[in-house]
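Hi everyone, thanks for making the time. Let me put the structure up, and then I'll walk you through its side-chain contacts and its cavities.

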Amino acid sequence: MARTADYGLGEFTYPRGWFMVAEAAEVTTRPSTVHYFGQDFVLYRGESGTAHMVDAYCPHMGAHLAKNVTSYIVKDGEQVQGESIRCPFHGWRFGPDGACDHIPYSDFVPKAARLQTYPIVERAGIIWYWHDPEGLEPDIDLPPFAEWDDPSWVRWKVDHLGVIDCHPQEIIDNMADAPHMVPVHGSTDCAYFTNAFEGTILWQKFGAGHRTLVGSEAMLETDTWYTGPAILQSRLTGAYPSLMLICHTPVEDGRVMVWHALMSQAANTPPSAQDIATAEAYAETGRLALAQDFEIWGNKRACFNPLQIPADGPVHKVRIWYRQFYNPRARAGEFQRRVEGSVTTFDTRPEHAAA
Ligand code: FES
Ligand SMILES: [Fe+2]
């Protein structure tokens with residue numbers, strides 16, 4: 001497995017940013033576990049409906065809070081009470097701030113009885129976690145995903161592509177990878193390909209035909225951007241406006257989980273059954289397009305030094321941009337300034353040819 005240190009990305013093993021950790025529907029009053037950033041977390045929903053994420057292991061004697069089906073605390077449905085979670089081993093209970101708020105057999109509750117809690121936000125059907133090696137408040141806004149609450153849009157269903165032994169660096173590289181579009185995705189008549197680096201945002205603007213997404217005729221124009229290191233959105237032109245989401249979260253150093261989702265506007269408000277079927281079919285073509293990349297990523301060897309030729313996109317710049325998230329926040333500007341601006345890999349449109 002190729003690790004962060006092998007790519008020379010920076011001080012931190014895992015980058016600072018917003019990360020998908022679960023679908024909202026996966027989080028219930030029955031605590032469940034997820035494994036990201038090299039550790040187990042427990043997700044549960046309090047009785048108010050609010051989702052919480054905490055460390056998986058009890059500070060008392062180390063029991064796993066979610067990997068249990070046989071304790072009577074679990075069998076009797078006493079694990080989540082209010083917003084608190086109770087350990088299946090000796091029944092210590094912890095509030096949403098992590099403080100122990102009840103020990104069934106003791107009035108004395110030690111101050112050290114504290115469970116680590118983690119900041120999450122539920123939005124657009126997804127649980128988002130702010131990961132920060134420096135333990136600071138977010139300095140990047142979680143995208144609004146406003147279409148989720150627009151009744152003329154068909155909401156996305158999240159596709160789980162799966163876990164691959166691939167460092168997320170190799171996925172980020174794809175943003176500048178103009179020449180894979182024809183062989184992998186069947187792009188035709190490529191018109192333009194531009195990247196822009198704007199602080200914590202990385203853009204790709206691309207116009208071409210696309211065999212997977214639109215058949216062979218129409219021009220597909222996509223505006224694609226990363227908000228931080230792990231949330232990609234793409235606005236696609238087509239019969240109906242649509243918004244694609246690709247998320248990837250490190251499982252371990254050098255191993256990553258990938259999800260896809262796509263929502264699109266419907267002809268009718270509220271969307272008819274036919275509109276929903278059309279949207280789902282379009283989302284499936286989006287999933288298939290990502291699956292083409294995913295197959296490459298899941299089987300390639302690590303690339304520490306791309307053998308770049310002039311006609312390749314600015315992969316080296318993308319790698320510099322990505323380093324800002326692996327280093328202390330105070331140094332982010334260094335990396336941003338080195339890449340700020342835009343790079344056009346090609347533009348064959350007649351109105352741009354003179355430039
Ligand atoms: S290990 Fe959790 S209450 Fe004892
Ligand atoms: Fe791709």
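I'll take aromatic pairs to begin with, then charges over rings, then salt bridges, and finish with the cavities.

One thing to keep in mind throughout is that this is a predicted model. So, aromatics. How many aromatic pairs are there? The count comes to 18. Let me pick out Phe 41 and Tyr 118: their ring centres are 4.8 Å apart and their planes stand at 90 degrees, so this pair is edge-to-face, given that anything over 60 degrees falls in that class. In sequence these two are 77 residues apart, with Phe 41 in strand 3, residues 39-45, and Tyr 118 in strand 9, residues 117-118. Both Phe 41 and Tyr 118 are buried.

Phe 41 also pairs with Tyr 129. Here the centres are 5.7 Å apart and the planes make an angle of 55 degrees, which puts the pair in the tilted class. Tyr 129 sits in strand 11, residues 126-131, and Phe 41 in strand 3, so this contact ties together parts of the chain that are 88 residues apart in sequence. Tyr 129 is buried, as is Phe 41. If you step back from the individual pairs, Phe 41, Tyr 118 and Tyr 129 belong to one aromatic cluster, together with Tyr 14, Phe 19 and Phe 37.

Rings also come up with charges over them, and I have two cases to show you. Lys 205 lies over the face of Trp 203, 4.4 Å from the ring centre. Arg 349 does the same with Tyr 192, at 3.8 Å from the centre of that ring.

On to the salt bridges. As a reminder, side chains of opposite charge can pair when their charged atoms come close. The structure holds 16 salt bridges, and I'd like to go through a few of them.

Take Glu 134 and Arg 16, whose side chains meet at 3.5 Å, N to O. Glu 134 is in the loop between strand 11 and strand 12 (153-154), while Arg 16 is in the loop between helix 1 (4-7) and strand 1 (17-23), so the bridge ties together parts that are 118 residues apart in sequence. Are the two partners buried or exposed? Glu 134 is partly exposed, at 32% relative accessible area, whereas Arg 16 counts as buried, at 2%.

Next, Asp 149 and Arg 155, with their closest N and O atoms 3.4 Å apart. Asp 149 is exposed, with a relative accessible area of 60%. Arg 155 is partly exposed, at 44%.

Then there is Asp 173 with Arg 319, at 2.6 Å, N to O. This is another link between distant parts of the chain: Asp 173 is in the loop between helix 3 (168-172) and helix 4, Arg 319 is in helix 7, residues 315-323, and they are 146 residues apart. Asp 173 has a relative accessible area of 9%, so it is buried. Arg 319 counts as buried too, at 9% relative accessibility. And some bridges share partners: Asp 132, Asp 139 and Arg 329 are joined that way into one network.

Last topic, the cavities. A search of the whole structure turns up two of 30 Å³ or more. How much space lies in the largest cavity? About 350 Å³. It has 24 lining residues, and the closest to its centre are Asn 174, Met 181, Met 244, Ile 246 and Asp 293. Several elements give two or more residues to that lining: helix 4 (181-185), strand 15 (201-210), strand 16 (215-227), strand 17 (231-236), strand 18 (242-252) and helix 6 (273-299). Which element contributes the largest share? That is helix 6, with five residues. By class, the lining of this cavity has 14 nonpolar, nine polar and one charged residues.

The second largest cavity has about 30 Å³ of space. Its lining includes Thr 4, Thr 13, His 167, Glu 252, Asp 253 and Tyr 326. Tyr 14 is in that lining as well, and you'll remember Tyr 14 from the aromatic cluster. The lining here divides into five nonpolar, four polar and two charged residues.

That's my tour; I'm happy to take questions.

Definitions and conventions. Residues numbered from 1 in each chain as written. Chains lettered and ligands numbered in written order. Predicted model: local features only at pLDDT ≥ 70, side-chain atom pairs only at ≥ 80, totals over all residues. Heavy atoms only, no water. Phe/Tyr/Trp six-rings, centres within 6.5 Å; stacked < 30°, edge-to-face > 60°. Helix = DSSP H or I, 4+ residues; strand = E, 2+ residues; numbered from the N terminus. Buried < 20%, exposed > 50% of the residue type's maximum accessible area, 1.4 Å probe, protein only. Lys NZ or Arg CZ within 6 Å of the ring centre and 35° of its normal. 1 Å grid on protein atoms, 1.4 Å probe; cavity = no way out; pocket = protein on both sides within 12 Å on 5 of 7 lines; lining within 4 Å. Points joined across faces, edges and corners; volume = space filled by probe spheres on them. Nonpolar A, V, L, I, M, F, W, Y, C, P; charged D, E, K, R; others polar. Salt bridge = Lys/Arg side-chain N within 4 Å of Asp/Glu carboxyl O.
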